[in-house]
Amino acid sequence: IENHLPTAELQALDAAHHMHPFTDGDALSKKGARIITRAKGVWLTDSEGNEILDGMAGLWCMNVGYGREELAEVAARQMRQLPFYNTFFQTTHIPAIALAKKLAELAPGNLNHVFFNGSGSDSNDTNIRMVRHYWNVKEQPERTVIISRWNGYHGSTMGAASLGGMKGMHKQGGLPIPDIVHIDQPDWWSEGGDMTPEEFGLARAQELEAKILEVGPEKVAAFIGEPIQGAGGVIVAPDTYWPEIQRIVKKYGILLIADEVICGFGRTGNWFGCQTLGIEPDIMTVAKGLTSGYIPMGASLVSDEVAAVINSGDEFAHGYTYSGHPVAAAVALENLRILEEEGVIDRVRSEIAPYLKAKWESLTDHPMVGEAKIVGMMGSIALTPNKATRAAFAAKAGTIGLITRERCFANNLVMRHVGDRMIISPPLTITKAEIDELMVRARKSLDEAYEKIKAEGLW
Ligand SMILES: Cc1ncc(COP(=O)(O)O)c(CNc2cccc(C(=O)O)c2)c1O
């Protein structure tokens with residue numbers, strides 16, 4: 001790793017052969033990708049030796065922090081003993097059994113059954129097929145429609161991207177697939193108008209009931225939502241939203257899928273976002289923090305009732321080669337052991353998240369920062385030219401966010417932008433001193449972006 005080619009040569013090879021996800025390929029080729037060579041704790045090192053504070057925990061996934069040797073040890077040991085065997089055709093293996101048991105213990109309510117997948121996206125594809133099969137077995141095959149939210153994010157496979165509400169993704173590839181419909185998101189800052197957050201939260205939740213009646217209650221299979229929308233910009237729904245969603249799904253007897261790919265495994269200050277927000281799902285999507293990103297894995301956690309129906313109805317004709325992969329399962333088990341035995345989530349809830357919240361919310365004293373929202377260890381700020389009116393910038397959405405993100409990178413801080421919101425989701429093991437450093441770099445970046453924006457007449 002250390003004696004790698006010079007950065008410029010590596011960038012040229014990357015540009016020649018590597019197609020990056022969610023990337024304008026030609027633009028990146030001109031610029032050259034930043035080459036990350038190693039990492040420890042919350043710190044990344046790039047090929048130029050820069051020490052970068054990873055305010056995004058990779059892609060929201062690095063919950064235990066980089067450099068945990070135990071995870072490498074467990075992976076190596078499992079690889080030597082049983083590097084792969086499948087869980088098709090009436091076989092299983094000990095890591096799959098042990099992880100399924102562990103997840104059943106950790107999951108809230110009666111989510112006692114686990115269908116293993118390879119990622120968050122294919123977990124949500126599993127969920128689409130599972131809920132439709134569930135209603136078939138219950139002799140209500142017309143229940144095929146799944147309701148989701150605009151600006152929700154559920155992945156990038158055909159099914160998951162259809163569940164998602166990112167219109168730019170739908171435009172590429174003929175999405176959504178049939179029988180997936182969307183309602184508006186509970187983003188008060190951008191869409192609340194003159195309503196109070198409480199009124200707005202109720203109104204947006206009641207769109208679910210309106211949509212169910214529009215589609216026909218006898219045709220609706222499920223509703224899917226992220227407890228807190230992540231890739232949509234860390235959108236925290238008003239308090240009135242989820243209780244109303246819960247009331248409506250119960251009233252019409254439709255299944256509730258909570259997508260906890262980001263919110264799971266401590267991100268919101270409890271093991272799961274459902275516990276933080278009081279949601280009782282029938283199915284829960286997990287990935288990312290399940291293995292802290294050390295190895296790909298996803299899963300669908302399924303309630304006793306749904307599992308009983310699926311198990312009773314002949315073969316559920318679905319699954320993946322790597323469903324329950326033994327090395328991924330072993331790493332996940334060790335990751336969960338670290339989270340549990342080191343009290344990582346308890347410390348987040350009692351100490352680290354409150355500390356970060358106070359610092360993060362103080363950003364509203366910056367001229368560009370309108371609102372600061374944070375739940376546990378996932379936070380966002382909304383940039384605006386006018387805090388009183390919550391106005392959007394005149395420039396195309398994302399222009400100001402991109403300038404700010406560029407300043408963050410220049411200051412060796414990874415802080416994402418989504419439109420003109422800036423977001424953070426650091427490793428759960430970040431220390432208070434590292435939070436202080438994150439805030440120094442974030443403030444410096446906001447100040448520099450503000451100067452640049454004014455200089456370019458974008459204010
Ligand atoms: C809530 C949710 N559900 C499903 C997925 C899909 O997981 P996979 O990627 O493992 O298939 C996600 C993934 N979320 C995700 C993935 C990549 C980038 C970003 C970003 O915010 O830039 C967010 C997610 O955030």
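The structure holds 30 salt bridges, a salt bridge being a side-chain nitrogen of Lys or Arg within 4 Å of a carboxyl oxygen of Asp or Glu. It is a predicted model, in which local features need pLDDT of at least 70 and side-chain atom pairs count only at pLDDT 80 or more, while totals for chains, interfaces and linings use all residues. Residues are numbered from 1 along each chain as its sequence is written, and side-chain values use heavy atoms, with hydrogens and water left out.

Side chains of opposite charge can pair when their charged atoms come close. One such pair is arginine 34 with aspartate 46, whose side chains meet at 3.2 Å, N to O. This salt bridge links distant parts of the chain: arginine 34 sits in the loop between helix H2 (25–31) and strand S1 (36–40), and aspartate 46, twelve residues apart from it, belongs to strand S2 (residues 43–46). Helices (H or I, at least four residues) and strands (E, at least two) are DSSP runs here, numbered from the N terminus. Arginine 34 has 29% relative accessibility and so counts as partly exposed, whereas aspartate 46, at 4%, is buried. For these labels, buried means under 20% relative accessible area, exposed over 50% and partly exposed in between (1.4 Å probe, protein chains only).

Other salt bridges stay within a helix. In arginine 337 and glutamate 334, the closest N and O atoms are 2.7 Å apart; because the two are three residues apart in helix H14, about one helical turn separates them. Arginine 337 is partly exposed at 28% relative accessibility, and glutamate 334 is buried at 13%. Helix H17 (residues 432–455) holds both arginine 441 and glutamate 437, four residues apart, or about one turn of the helix. Their side chains form a salt bridge at 2.6 Å, N to O. Here arginine 441 is the buried partner, at 16% relative accessibility, while glutamate 437 is partly exposed at 29%. Salt bridges that share partners also tie Lys101, Lys102, Glu105 and Glu340 into one network.

Helix H4 (residues 69–81) offers a quick geometry check. Its 13 residues should span 18 Å at 1.5 Å a residue, and the end C-alpha atoms are 19 Å apart, which agrees; the expected span is 1.5 Å times one less than the number of residues. Leu71, Val74, Ala75 and Gln78 of H4 are buried. Seen down the axis of H4, the buried residues fall within an arc of 100°, so they line one face of the helix; the arc is that of the directions from the helix axis to the C-beta atoms. These buried residues pack against helix H5 (94–106) and helix H14 (326–341), with contact meaning heavy atoms within 4.5 Å. On the face turned away from the buried side, H4 carries the exposed residues Glu69, Arg77 and Arg80.

Strand S7 (residues 220–225) is mostly covered, with six of its six residues buried. S7 runs parallel to strand S5 (residues 145–149), joined by three bridges, and valine 220 of S7 is the bridge partner of valine 145. Four bridges join S7 to strand S8 (residues 255–259), again in parallel, and alanine 222 stands opposite leucine 255 in S8. Two strands pair if DSSP finds at least two bridges between them. Together, S7, helix H11 (residues 241–252) and S8 make a right-handed β-α-β unit: with the strands pointing away from the viewer, the path from the first strand over the helix to the second runs clockwise.
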